[in-house]
Amino acid sequence: MRKLAISLSKGGVGKTTTAVNLAHGLALAGLQVLLVDTDTQGQASRALGQRPEVGLADVLAGDLQPQKAITQAREGLWLLAGGRALSGAKREIDRRAFGGEQVLAEALDPLEGQYELVILDTAPGLDSLGVNVLFYAQEVLAPVSLEVLTLQGLVDFQQNVQAVKRYHRELELRYILPTFMDGRVKKSQEILEQLQAHYGQLLCQPIRYSVRLSEAPGYGQTVFEYAPGSSGAQDYQALTERIIQDAR
Ligand SMILES: Nc1ncnc2c1ncn2[C@@H]1O[C@H](COP(=O)(O)OP(=O)(O)OP(=O)(O)O)[C@@H](O)[C@H]1O
Ligand SMILES: [Mg+2]
């Protein structure tokens, strides 16, 4: 079971957009996918048009078995919802004297082997739940916005991943995904070249700026449903194929 975290400390870089559309792309390709939303904003549910009454918070609180808290969102796509209720879980984790970073991994352990891929969306700012995600995942995909990239932010994040890796050896920063690519803007191209020079093989084909991508969640649809012919759908399809190719 692959466990892929969509993570970067910076906000608004396309984490949720990537988590939701990649998860659906993989499900459409025939994989059994679980999307776990670890953000108190709970945007992943909304983007899929779901309003589950239970979710990750109930699992972390020990009130529900994970299987009982999961909702089916599409064929092949299951959702463990985030949302405001996670604030309590976060406080609980912060209060622990030790072992706090393993709470999510322990809570999700019963799901081992039940899906082919688990995709985890994270909140901006690498809060305690975000750290928990890094202790659970094996692979990290970091979306970086070509509009506002600070390479330093990425370097800092990479150091956090390295720090976790000392305790959780399986963890690997595996993908850098440029987002908000605008071919007409020279800066986009320059940042892309910088990323290429620093990250080579880790770099994925960029996700272009696409109004369709920003509209789709308002309709509770993924880009493959809302605008299948759009550049956004093409770009997330290319990402989906890369992730499938790299199956280990
Ligand atoms: N390629 C794109 N083109 C145009 N708009 C996009 C693109 N990707 C994401 N957006 C829009 O940009 C906004 C931020 O994206 P998103 O919510 O995915 O970022 P995030 O990293 O999850 O943010 P947060 O850190 O707050 O969780 C959203 O309104 C989303 O619809
Ligand atoms: Mg988000």
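**Strand 5 and its surroundings**

Me: Which residue of strand 5 does Val36 stand opposite?

Reply: Val36 stands opposite Leu120 in strand 5. This is a predicted model, in which local features need pLDDT of at least 70 and side-chain atom pairs count only at pLDDT 80 or more, while totals for chains, interfaces and linings use all residues. Residues are numbered from 1 along each chain as its sequence is written, chains are lettered from A and ligands numbered from 1 in the order in which they are written, and side-chain values use heavy atoms, with hydrogens and water left out.

Me: What makes strand 2 and strand 5 a pair?

Reply: Strands (E, at least two residues) and helices (H or I, at least four) are DSSP runs, numbered from the N terminus. Two strands pair if DSSP finds at least two bridges between them. Strand 2 (residues 33-37) and strand 5 run parallel and are joined by five bridges, so the condition for a pair is met. Leu35 has Ile119 as its bridge partner in strand 5.

Me: How many bridges does strand 5 have with strand 1?

Reply: Strand 1 (residues 2-6) pairs with strand 5 over five bridges, in the parallel sense. In strand 5, Asp121 is the bridge partner of Ile6.

Me: Where does strand 5 stand in the sheet?

Reply: The order of the seven strands is 3-4-2-5-1-6-7, in an open sheet with mixed pairing. Strand 3 (71-74) and strand 7 (172-179) are the edge strands, since each pairs on one side only. On average, neighbouring strands of this sheet are turned by 25 degrees against each other, direction ignored. Such angles run from 0 to 180 degrees between N-to-C directions, and the axes are lines fitted to C-alpha atoms, for helices over the stretch in contact.

Me: Why is strand 5 called mostly covered?

Reply: A residue is buried under 20% relative accessible area, exposed over 50%, and partly exposed in between (1.4 Å probe, protein chains only). In strand 5 (residues 117-121), five of the five residues are buried. Leu117, Ile119 and Asp121 point one way, Val118 and Leu120 point the other way, and all are buried.

Me: What makes helix 7 largely enclosed?

Reply: Helix 7 (residues 128-136) has eight of its nine residues buried, so the rest of the structure largely encloses it. Among the buried residues are Leu129, Val133, Leu134 and Phe135.

Me: Why is Thr38 called buried?

Reply: Thr38 has a relative accessible area of 0%, so it falls on the buried side of the cut-off. Its place is in the loop between strand 2 and helix 2 (43-47). Contact means heavy atoms within 4.5 Å, and, leaving aside neighbours within four places in sequence, Thr38 is in contact with residues including Asp121, Leu129 and Val133.

Me: How do you know that the side chain of Thr38 reaches Asp121?

Reply: The side chain of Thr38 is 2.6 Å from the backbone oxygen of Asp121. A polar contact is a pair of N or O atoms within 3.5 Å; within protein, one must be able to donate a hydrogen and the other to accept it, and residues adjacent in sequence count only if both atoms are side-chain atoms.

Me: Why is Arg51 called exposed, and Met1 partly exposed?

Reply: Arg51 has a relative accessible area of 82%, so it is over the limit for exposed. Arg51 lies in the loop between helix 2 and helix 3 (56-60). Met1, in the segment before strand 1, has 23% relative accessibility, so it falls in the range in between.

Me: What makes the phi of Leu126 worth a remark?

Reply: Most residues other than glycine have a negative phi. Phi of Leu126 is near 45 degrees, a positive value. Leu126 sits in the loop between strand 5 and helix 7 and, at 18% relative accessibility, counts as buried. Phe180 also has a positive phi, near 55 degrees, but at 25% relative accessibility Phe180 counts as partly exposed.

Me: Which residues are closest to ligand 1?

Reply: A residue is near a molecule if one of its heavy atoms lies within 4 Å of it. Ligand 1 is surrounded by 17 residues, the closest being Gly12, Lys15, Thr16, Thr17 and Ser210. A polar side-chain atom of Lys15 lies 2.7 Å from an oxygen atom of ligand 1, and a polar backbone atom of Ser210 is 2.9 Å from a nitrogen atom of ligand 1.
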